[in-house]
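Thanks for making the time this morning. I would like to walk you through a few spots in one model, so please have the sequence and the structure open as I go.

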Amino acid sequence: MSNETSNFGKSAIKELESTFNRCALCLTGANGMLHNCPILDHGERGGVLLEEAIDDHLVSSNFSRKHAENGIRLCPTCHLSWMTSIGILPALAFVPCAEISRYILRKLREDRDTTVDQILLDLENDGDPETVEARCFQDLYQLLPVPRSPTPNAIATSFFPDVVHYVSGRFRKGKSRKARSYRIFDDGKIPLQLKRKLGQITTAPISNVGVTEDGSKLYWHLPRRSFGAFLAVTIHFVAMVKLSMCESETYELIQYLHKAYRDAPESRQVGKKSKGKSGSSIQPKRRKKNEDGNGKGSKASGDGSGNGGANKAAGRKLTGRRRDASKSLKNSS
Ligand SMILES: [Zn+2]
């Protein structure tokens, strides 16, 4: 999430205001003032992020940062304290929930030329019976804490959602021993279902991020936003995503995106940003090694037949740009 001056078009602002009556994170009402927050910011850095997002097959090449799909609304506290990336890293980032991550990954493996955003646009028309779950979890996100940023232990909210559980394609009220349980922050459900109720959004320790004491997971409903843009922010700022920071499906998706669309030797430059701690973390500079030792990875890269070379060439070009981009970022900050 970024904190450059927002510069949305009139229709985008209208859409944002009608979609988000409350803060997308803590559900505080609009009595105060909600900020229109671009996911990929409208400044120079956002341009760099956009290039990366296009190269990494996250968004389409005609993605506009000024359109509503690139925005959410946040209260000033959530915006400036947790989701701001000017000067310092944002403390938290939205990433696709486990169920959607799994779906995106399956589709990317089937078609490496598509984009994350396109996959979710096509979800409605996907007749595959396996998509029932993905449809139910469409537009749901989890929170990921950014390492080495001032992540709070918890964020207080006055609108803590009730527990629901997932059974065969739909959410039902209450907790279930057999089924997965969730608390879903959903702006659209406030007037009817959600009364004022104090609660805490757990953000640390990182092994428990987004999980409440009763074991239910915290998810956020952010309708019609760009999953690809959110992923671009995460991949750019969180140089090392650890398995302990998010659900394994999301970890696997981010790992796949690193491997599939970034070229090994040049990505060392990207890897340098993250001084390596060992452990189960995604480090771009190790990519080559992983691919050599990982049967799955080499199989996936073999699928593209003729495309492999083109992708590699694109990767080289991309990382060259990345280098320039990070220089210009340093200069501008
Ligand atoms: Zn808030």
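Let me begin with Ala232, which in this predicted model counts as buried because 28 other C-beta atoms lie within 10 Å of its own, where 20 or more is the cut-off for that word. Ala232 sits in helix α8, which covers residues 227–237. Which residues is Ala232 in contact with, once we leave aside its neighbours within four places in sequence? They are Leu40, Leu49, Glu52, Ala53, Asp56 and Leu58. In the same vein, Ala232 and Ile39 are 193 residues apart in sequence, yet from C-alpha to C-alpha they are 9.1 Å apart in space.

Leu49, Glu52 and Ala53 bring us to helix α2, residues 44–55, and these three are among the buried residues of that helix, a list that also includes Arg45, Gly46, Val48, Leu50 and Asp55. As for the length of α2, its 12 residues at 1.5 Å a residue should span 16 Å, and the end C-alpha atoms are 17 Å apart, so the two values agree. After α2 comes His57, which has a positive phi, near 60 degrees.

Finally, please look at strands β6, residues 163–167, and β7, residues 170–173, which run antiparallel and are joined by four bridges. Within this pairing, Tyr166 has Phe171 of β7 as its bridge partner. The hairpin that these strands form has two residues between them, and Ser168 there takes a positive phi near 30 degrees.

Technical notes. Residues numbered from 1 in each chain as written. Predicted model: local features only at pLDDT ≥ 70, side-chain atom pairs only at ≥ 80, totals over all residues. Buried ≥ 20, exposed ≤ 12 C-beta atoms within 10 Å, placed from the backbone. Contact = placed C-beta atoms within 7 Å. Expected span 1.5 Å × (residues − 1). Pairing = 2+ DSSP bridges.
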